[in-house]
Amino acid sequence: MNPEDEPLDQWAARREGRLRKPGELKTVTLGPGPQRAAHLDPAAPRLILEWDGFQWVPVVVVDDYAAACRVLNPAPQPQQQEQPAPKKQPGRHRKPR
């Protein structure tokens with residue numbers, strides 16, 4: 001199919017799939033010099049940024065690389081499972097009243 005013949009709704013859906021989603025987080029190392037890989041200076045403070053759909057907005061400053069990892073990838077919260085009601089035993093095994 002010629003790209004010029006592509007329907008607008010299909011093009012818009014393809015474009016939407018490539019865009020960042022609002023609420024996405026990233027970190028920036030607050031240290032001297034240019035940005036480098038995060039693991040190279042693990043003790044440097046980090047700035048957590050959030051994408052609001054148009055720009056990166058500062059959210060919080062954390063102490064080091066480990067704290068930034070905890071903010072970006074929080075531990076899953078354990079879900080409390082509802083205990084099922086005890087099952088009644090079949091007829092002939094019940095206690096007589």
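1. Let me start with Thr-29. Leaving aside residues up to four places away in sequence, Thr-29 touches Gln-35, Ala-44, Pro-45 and Arg-46. Keep in mind throughout that this is a predicted model.

2. Where does Thr-29 sit? Its place is in strand β1, and across from Thr-29, in β2, stands Arg-46. The link to Arg-46 involves the side chains too: that of Thr-29 makes a polar contact with that of Arg-46, at 3.4 Å.

3. Is Thr-29 buried or exposed? With a relative accessible area of 17%, Thr-29 counts as buried, because the cut-off for that label is under 20%.

4. Now the sheet around Thr-29. Three strands make up an open sheet, ordered β1-β2-β3, and the pairing is antiparallel. The edges are β1 (25-29) and β3 (56-62), each of which pairs on one side only. On average, neighbouring strands in this sheet are turned by 30° against each other, direction ignored.

5. How many bridges hold each pair of strands? Between β1 and β2, which run antiparallel, there are five bridges. Strand β2 (residues 46-51) is joined to β3 by six bridges, and these two strands run antiparallel as well. As general background, strands of a sheet pair through backbone hydrogen bonds, in either a parallel or an antiparallel way.

6. If you want to check the β2 to β3 register by eye, two bridge partners are handy. Trp-51 has Trp-56 of β3 as its bridge partner, and Leu-49 is partnered with Pro-58 in β3. I'd look at the Trp pair while going through the turn, which is the next point.

7. The connection between these strands is a hairpin: β2 and β3 have four residues between them. What is the phi of Gly-53, in that turn? The value is positive, about 105°.

8. How covered is β2? Mostly: five of its six residues are buried. As for what else lies against the sheet, helix α2 (residues 65-72) packs on it and touches β1, β2 and β3. The direction of α2 makes about 170° with that of β1.

9. To pull the Thr-29 story together: this residue belongs to β1, an edge strand, and is buried at 17% relative accessible area. Arg-46 turns up as its opposite number in β2, as its side-chain polar partner and as one of the residues that Thr-29 touches.

Conventions. Residues numbered from 1 in each chain as written. Predicted model: local features only at pLDDT ≥ 70, side-chain atom pairs only at ≥ 80, totals over all residues. Heavy atoms only, no water. Pairing = 2+ DSSP bridges. Axes fitted to C-alpha atoms, helices over the stretch in contact; angles between N-to-C directions. Contact = heavy atoms within 4.5 Å. Buried < 20%, exposed > 50% of the residue type's maximum accessible area, 1.4 Å probe, protein only. Polar contact = N/O pair within 3.5 Å; in protein donor to acceptor, adjacent residues only side chain to side chain.
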